[in-house]
Amino acid sequence: MTRRWLAIAATDFQYARRSNVLLGIVIVFGLLTLGIVALPGVLALVLGEPRGEVADAPLFEATAAAAGFIIPITALVGSYLSVAGERESGRIRLLLGMPPTRRDLVVGKFIARSGVVLLAIGVAYALAIGSSVLLYGQLEIGTALGTAGLVGLLGVVFVGIGVGISALVPSRAKAIAFVLVFYMLAIVLWDLLFQAGGVLAVFFLGAEPGWYPFVETLAPTSAYSALYDEAIGALLGGALVASDAVYRSTPFLSALLLAWIVLPVGLGYWVFERADLE
């Protein structure tokens with residue numbers, strides 16, 4: 001692959017910045033993260049209570065939990081029109097009439113939108129880290145940077161899913177529909193569906209099948225939560241949720257999240273490469 005994807009990425013990043021996609025993500029996630037970390041210190045300051053007794057590690061853990069809900073939707077919204085929007089507008093013919101190929105386009109869009117999300121997450125955690133130091137005079141650097149890194153990985157995962165869906169479908173309406181269905185099934189309803197399935201399994205079979213917890217981990221947000229427990233638990237001197245299962249190990253969960261990046265983008269490109277753009 002030549003570096004033509006880099007020109008696509010640079011152009012698309014500038015477009016996302018001018019269209020306020022970056023600003024929107026910074027405002028939403030930045031204010032949320034800053035509020036979670038800073039609010040206890042601000043309240044202690046107002047009430048005249050000692051701020052040094054506030055532990056910052058649990059606050060950063062709370063931002064990771066919040067990110068599990070906020071980052072998927074913001075990353076999907078920031079990427080679901082990256083290719084489908086170009087196709088519907090007709091601009092895709094102009095882009096592909098120049099040297100870039102369809103592969104350059106998909107890769108460039110993925111890199112650009114990942115850069116937008118990562119920059120927004122970086123700004124959010126820079127504000128959170130600064131507020132922790134100023135308000136509490138301390139910083140659990142491993143927890144803070146580990147949290148920022150895993151949230152960044154989660155953001156890239158959902159950019160990959162969004163770009164993959166965008167390359168898979170030919171129109172804005174279908175991209176919205178696919179994203180909404182995926183978000184509802186894989187995030188909003190995932191735990192509820194598996195809890196209901198577990199109840200049914202116990203009722204009819206007497207116990208959950210041995211593979212049931214493994215399948216539950218396969219959703220991207222479930223894998224992210226499990227990886228956070230393993231990785232940040234290790235930084236704090238012990239797993240937050242102890243488990244000897246291979247599918248709860250850091251290598252497996254990391255590979256699973258990488259697969260959630262590669263497979264949607266790869267499938268979207270495979271379909272897009274064979275699509276009739278006329």
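A salt bridge here is a side-chain nitrogen of Lys or Arg within 4 Å of a carboxyl oxygen of Asp or Glu. By that yardstick, R248 and D229 pair up through their side chains, with N and O 3.9 Å apart, and the structure holds 5 salt bridges. Keep in mind that this is a predicted model, so local features need pLDDT of at least 70 and side-chain atom pairs pLDDT 80 or more, while totals for chains, interfaces and linings use all residues. Residues are numbered from 1 along each chain as its sequence is written, and side-chain values use heavy atoms, with hydrogens and water left out.

**Salt bridges**

- The R248 and D229 pair links distant parts of the chain, 19 residues apart: R248 is in the loop between α11 (220-235) and α12 (250-274), and D229 is in helix α11. Helices are DSSP runs (H or I, at least four residues), numbered from the N terminus.
- R248 and D229 are both buried, where buried means under 20% relative accessible area, exposed over 50% and partly exposed in between (1.4 Å probe, protein chains only).
- D12 and R113 also meet in a salt bridge, at 2.5 Å from N to O. This one reaches across 101 residues, from D12 in helix α1 (residues 4-18) to R113 in helix α6 (residues 102-136).
- D12 is buried at 4% relative accessible area, and R113 is buried too, at 8%.
- E88 bridges to R172, with the closest N and O atoms 3.4 Å apart. E88 sits in helix α4 (residues 84-89) and R172 in helix α8 (residues 172-188), so the pair ties together parts 84 residues apart in sequence.
- Here both partners are partly exposed: E88 at 43% relative accessibility and R172 at 38%.

**Helix α3 against helix α7**

- Helix α3 (residues 56-77) packs against helix α7 (residues 141-168) at an angle of about 10°, with the axes 9 Å apart. Axes are lines fitted to C-alpha atoms, for helices over the stretch in contact, and angles run from 0 to 180 degrees between N-to-C directions.
- That makes α3 roughly parallel to α7 (angles under 35 degrees count as roughly parallel).
- Residues of α3 in contact (heavy atoms within 4.5 Å) with α7 include F60, I71 and L76, and those on the α7 side include V151, L154 and F158.
- By class, this contact has 14 nonpolar, 6 polar and no charged residues. Nonpolar covers Ala, Val, Leu, Ile, Met, Phe, Trp, Tyr, Cys and Pro; charged covers Asp, Glu, Lys and Arg; the others, Gly among them, are polar.

Terms used
Helices (H or I, at least four residues) and strands (E, at least two) are DSSP runs, numbered from the N terminus. Angles under 35 degrees count as roughly parallel, over 145 as roughly antiparallel, 65 to 115 as roughly perpendicular and the rest as oblique.
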